[in-house]
Amino acid sequence: MRAREFNFDGLVGPSHNYAGLSFGNVASFSNVKSASNPKLAALQGLAKMRALAARGFGQALLPPQDRPNFRLLRSIGFTGSDAEVLAKAAKESPVILACAYSASPMWTANAATVSPSADSADGRTHFTAANLNNKLHRAFEHVQSARSLRAIFKDEKHFAVHDALPGTPAFGDEGAANHTRLCKDHGSAAVEMFVYGRTEFDASAPAPKKYPARQTLEASQAVARLHGLSAERTVYIQQNPDVIDQGVFHNDVIAVGNGNVLFYHEQAFADEAGALEQLRRAMGGVGADLNAIRVDTAKVSVADAVHSYLFNSQLLSKDNGKMALVIPQECEENAAVAAYLQGLVASGNAVDELIHFDLRQSMRNGGGPACLRLRVALTDAEAAAMHQGVVMTEALYHTLVAWVEKHYRDRLEPSDLADPALAIEVHTALEDLSRILGLPGLYDL
Ligand SMILES: N=C(N)NCCC[C@H](NC(=O)CCC(=O)O)C(=O)O
């Protein structure tokens, strides 16, 4: 059946900030405690959504989450009025206050794993909210992620939204950042590729030494089971532990796939030849030939890939049968990466266009174009069945720009998180937003 891919970009929230919370994510760690600009961050994200929608790509958004998470703060013993809770947390543990204020839901590639109806046993589109249990500041996102997905994809005839896996280390799940579909076209059955960093119950399996492996094999298998995927079309591949130790905290920092194309770095996988062999075999079963575009270390080092976010790009299928690569501006500024990209486009292979965006506010926390979006391939009937208020249009873009201008600050220092006025501003903005999007009850405010 014909299907169209929608990218659901995370709308950056009013308290976007840099707190240095993600050990293993180089950008997050190096921008610890610098000032952020929430207004600019939201406008940069909206500009990307608008431009891709204007080009005819399916574009929608996932709303920001409520911040700070007072439930978290109260559950760990901060008591009193909201203002008192904030004052006590700011005094006793500013880092936990920062966790409660985390900006990270904007990276919706981590919101869930998605299996379109063409892949699942019951012919519905399945979502599993990711537990993100490796980091305190992300471990509570799944509650609102599942709530938002259920609000948008509420028609159970077409959609199934699963709660997050148990939040224990064995089931570390980072969502679509470690998951790719490879197929002939979006509407046909695909090979679903899950990339994991470690195996909980095999102590002999390789694992990183310095930084955490966030995704486990056991979690990937559980998601595949929940989604009713067929064994022949599901492939599990181990990420190279050495690149995790070089700052590749998600697979989407070193590889991206679309259609039959896998664009990846030579060092991405623990066993490159074995991975390609598994994919080729499985793709044969869906009538697709793998087009593996390998980037050699000699051309782009892992360090350049991590700093430029070359692979945290979006590969988008175009009407001319070719693909556009959506990249962050940093790729143009890195000489090795820029030279590689010129050669890629000139090569006559699948990618014939580069589209770059200034996403610096997101990049400074380790989030490129691909982190900012959750891919959902939908048939026409499914697209009509989802909530329409989140689909990006010129009108929605202008409404949201005005909403951002009205509610967002243009500078946020770490110390501002203690300001009780900020929490009130966020709540007011989100109440307004749920009206704009036509989703009353979106938040449990
Ligand atoms: N690669 C993908 N798909 N997503 C990027 C997520 C970045 C996120 N950064 C943060 O959570 C930093 C928050 C802070 O430091 O304030 C993370 O490390 O989980």
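Select Ser22 and the ligand: an N or O atom in the Ser22 side chain is 2.7 Å from an oxygen atom of the ligand, a polar contact in the sense of a pair of N or O atoms within 3.5 Å (within protein, one must be able to donate a hydrogen and the other to accept it, and residues adjacent in sequence count only if both atoms are side-chain atoms). The model is predicted, so local features need pLDDT of at least 70 and side-chain atom pairs count only at pLDDT 80 or more, while totals for chains, interfaces and linings use all residues. Residues are numbered from 1 along each chain as its sequence is written, and side-chain values use heavy atoms, with hydrogens and water left out.

**The ligand site**

Next, display His137, where a polar side-chain atom lies 2.7 Å from an oxygen atom of the ligand. Add Asn110 as well: an N or O atom of the Asn110 side chain is 3.0 Å from a nitrogen atom of the ligand. How much of the ligand's own accessible area does the protein cover? The protein covers 100% of the 490 Å² that the ligand has on its own, with areas from the Shrake-Rupley method and a 1.4 Å probe; for residues, only the protein chains shown count as cover.

Now select the residues around the ligand, of which there are 22; a residue counts as near if one of its heavy atoms lies within 4 Å. Ser22, Ser28, His137, Arg138 and Asp252 come nearest. Colouring this shell by class gives 8 nonpolar, 11 polar and 3 charged residues. Here Ala, Val, Leu, Ile, Met, Phe, Trp, Tyr, Cys and Pro count as nonpolar, Asp, Glu, Lys and Arg as charged, and the others, Gly among them, as polar.

The ligand sits in the second largest cavity. A cavity is a set of points, on a 1 Å grid over the protein atoms alone, where a 1.4 Å probe fits but cannot get out. A molecule sits in a cavity if more than half of its atoms lie within 2 Å of its grid points.

**Backbone geometry**

Most residues other than glycine have a negative phi, and most peptide bonds are trans. Three places are worth selecting with that in mind.

Begin with Arg67 and Pro68, which are joined by a cis peptide bond with omega of about -5°. Pro68 belongs to the loop between strand E2 (58–62) and helix H3 (70–75). Helices (H or I, at least four residues) and strands (E, at least two) are DSSP runs, numbered from the N terminus.

Move to Leu132, in the loop between strand E4 (125–129) and helix H6 (141–152). Although Leu132 is not a glycine, its phi is positive, about 45°. Is Leu132 buried or exposed? Leu132 is buried, at 1% relative accessibility; buried means under 20% relative accessible area, exposed over 50%, and partly exposed in between (1.4 Å probe, protein chains only).

Then centre on Tyr309, in the loop between helix H10 (302–308) and strand E12 (314–317). Tyr309, also not a glycine, has a positive phi of about 60°, and at 4% relative accessibility Tyr309 counts as buried.

**His387 and its partners**

Select His387, found in the loop between helix H14 (380–385) and helix H15 (394–407). With a relative accessible area of 17%, His387 is buried. Which backbone atom lies 2.6 Å from a polar atom of the His387 side chain? That atom is the backbone oxygen of Leu437. The His387 side chain also reaches the backbone nitrogen of Gly389, at 3.4 Å.

**Distances across the chain**

Finish with pairs of C-alpha atoms. Leu359 lies in the loop between strand E14 (351–357) and helix H13 (360–363) and is buried, with a relative accessible area of 1%. Its C-alpha atom is 7.0 Å from that of Gly45, although the two are 314 residues apart along the chain.

Pro206, in the loop between strand E7 (191–196) and helix H7 (217–226), counts as partly exposed at 44% relative accessibility. Pro206 and Asp242 are 36 residues apart in sequence and 9.5 Å apart, C-alpha to C-alpha.

Pro328, in strand E13 (residues 323–328), is buried at 0% relative accessibility. The C-alpha atoms of Pro328 and Lys91 are separated by 37 Å, with their positions 237 residues apart along the chain.

The last selection is Ala339 in helix H12 (residues 335–346), which is exposed at 52% relative accessibility. From Ala339 to Leu445 the C-alpha distance is 49 Å, at 106 residues apart in sequence.

Methods: 1 Å grid on protein atoms, 1.4 Å probe; cavity = no way out; pocket = protein on both sides within 12 Å on 5 of 7 lines; lining within 4 Å.
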